[in-house]
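User: I would like a close look at one part of this model, the ligand site, with a short detour to the backbone first. Please keep it brisk.

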Amino acid sequence: MNDRNFYALVAYEDGNSGFRRRIERKSINDLPAGDVVIQVKYSSLNYKDALSASGNRGVTKHYPHTPGIDAAGCVVESTDPTWRVGDEVICTGYDLGMNTAGGFGQYIRVPGNWIVRRPAGLSLLESMRLGTAGFTAAQCLLHLEQNAVTPDKGPILVTGATGGVGTVALMLLQKLGYKATAVTGKATEHDALLALGATAVMDRNELLADSERQLLPARWAGAVDTLGGKALAAAVKGTGFDGVVTCCGNASSGDLPLTVYPFILRGVHLVGVYSANCPMAKRVQIWNKLAGEWKLDLSAICRTVRLGALEDAIQAMLAGQSKGRRVVDLEEVT
Ligand SMILES: NC(=O)c1ccc[n+]([C@@H]2O[C@H](COP(=O)([O-])OP(=O)(O)OC[C@H]3O[C@@H](n4cnc5c(N)ncnc54)[C@H](OP(=O)(O)O)[C@@H]3O)[C@@H](O)[C@H]2O)c1
């Protein structure tokens, strides 16, 4: 096993032109220490991967580096008694793909306590159609449910609606009987968002109008925000009494220009959502829901690419142009 060679996408610093990416031949010996070696069948592309692949030191400190915060595959070697050769597993988050070589390689080696057993009812491919983006969308919905934001309370705002988190959130909201207002910057995608399950679509500029006001008319019972900045502020300012705004992303900004008034006059709850270090019990609960009562067919919003074709998808994501989800099939490179 130790001498096995495989292919991985490697991001590296090019002195002249910043960061670039290429496919390299690697050995299992190149992988970091860990209890379990997994042959990766599928990974997926998340915004964090695009940042890691392009030299964002807030995500990845040391290069050359193999990104990929998601991986699903088979255990091929284990010193952890929980895991046996042949087990089908999902590994998302923790340090995978950040400073630990990630799922854009055909093998990973990770600590046993980062791994979730593939739940019955969800194939490895389906798990990566969801990936961290889908897992995060599900976590946002769990927070709405747990805070009594039921479908009868009113519509839910979803920002960054054409992105990975946004599309899965819209589909889950529809499945669970909610009305959802999708916010997008892509004028061409309104019909597609309605077809996905949104009950209304709003241009991003419309959401951001009146952004200097401290409170906006209460239009939403809750929100799934992936953008941060003024969009998150508008979501909080436009949410009604006891509503819940889940904050999971910063695709637009890390700032939050707000006053206290939505909180002290309407009791709006702002809930932070983090997936990388999500505790294992909650992690398993969410994967089981996604394999069972919350199961979605994501084939329509998901394209499968090989390592050799990831470059275009990474560039589109960095430009805010991505739509839906990209699964990475590790079986073949090109
Ligand atoms: N907290 C966590 O654990 C967690 C987990 C997963 C993701 N995230 C974060 O959630 C965010 C979304 O992730 P994703 O995987 O869904 O990314 P994605 O697929 O790239 O989607 C992001 C969407 O946001 C909009 N957008 C992109 N750039 C923008 C900009 N500069 N200004 C305004 N809108 C912009 C676009 O949608 P429209 O054109 O439709 O507006 C884009 O499709 C990212 O910030 C990511 O890091 C966090």
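In which loop is Pro64 found? After that, take me through the surroundings of the ligand.

Analyst: This is a predicted model. Pro64 is found in the loop that runs between α1 (47-53) and β4 (70-78). The peptide bond leading into Pro64 from Tyr63 is cis, and its omega is near 0°. A second backbone feature involves Tyr94. Its place is the loop between β5 (88-92) and β6 (107-110). Tyr94 is not a glycine, yet its phi is positive, near 50°. Both features go against the usual pattern: most residues other than glycine have a negative phi, and most peptide bonds are trans.

Now the ligand. The space that the ligand takes is the largest pocket. Two elements each give two or more residues to the shell around the ligand: α2 (124-146) and α3 (164-175). In total, 26 residues surround the ligand, counting those with a heavy atom within 4 Å. The closest are Thr162, Val165, Thr184, Cys248 and Ser275.

The shell can also be split by domain. Domain 1 (5-118 + 298-329) supplies at least three of its residues, and domain 2 (132-272) likewise supplies at least three. By class, the shell holds 15 polar residues, nine nonpolar ones and two charged ones.

Next come the polar contacts. Thr162, one of the closest residues, has a polar side-chain atom 2.7 Å from an oxygen atom of the ligand. For Arg204, a polar side-chain atom lies 2.8 Å from a ligand oxygen atom. Ser322 also takes part: an N or O atom in its side chain is 3.1 Å from an oxygen atom of the ligand. As for cover, the ligand on its own has 920 Å² of accessible area, and the protein covers 87% of this.

Definitions and conventions:
Residues numbered from 1 in each chain as written. Predicted model: local features only at pLDDT ≥ 70, side-chain atom pairs only at ≥ 80, totals over all residues. Heavy atoms only, no water. Polar contact = N/O pair within 3.5 Å; in protein donor to acceptor, adjacent residues only side chain to side chain. Areas by Shrake-Rupley, 256 points an atom, 1.4 Å probe, with all protein chains shown as cover. 1 Å grid on protein atoms, 1.4 Å probe; cavity = no way out; pocket = protein on both sides within 12 Å on 5 of 7 lines; lining within 4 Å. Sits in = over half its atoms within 2 Å of the grid points. Helix = DSSP H or I, 4+ residues; strand = E, 2+ residues; numbered from the N terminus. Nonpolar A, V, L, I, M, F, W, Y, C, P; charged D, E, K, R; others polar. Domains from an automatic or database assignment.
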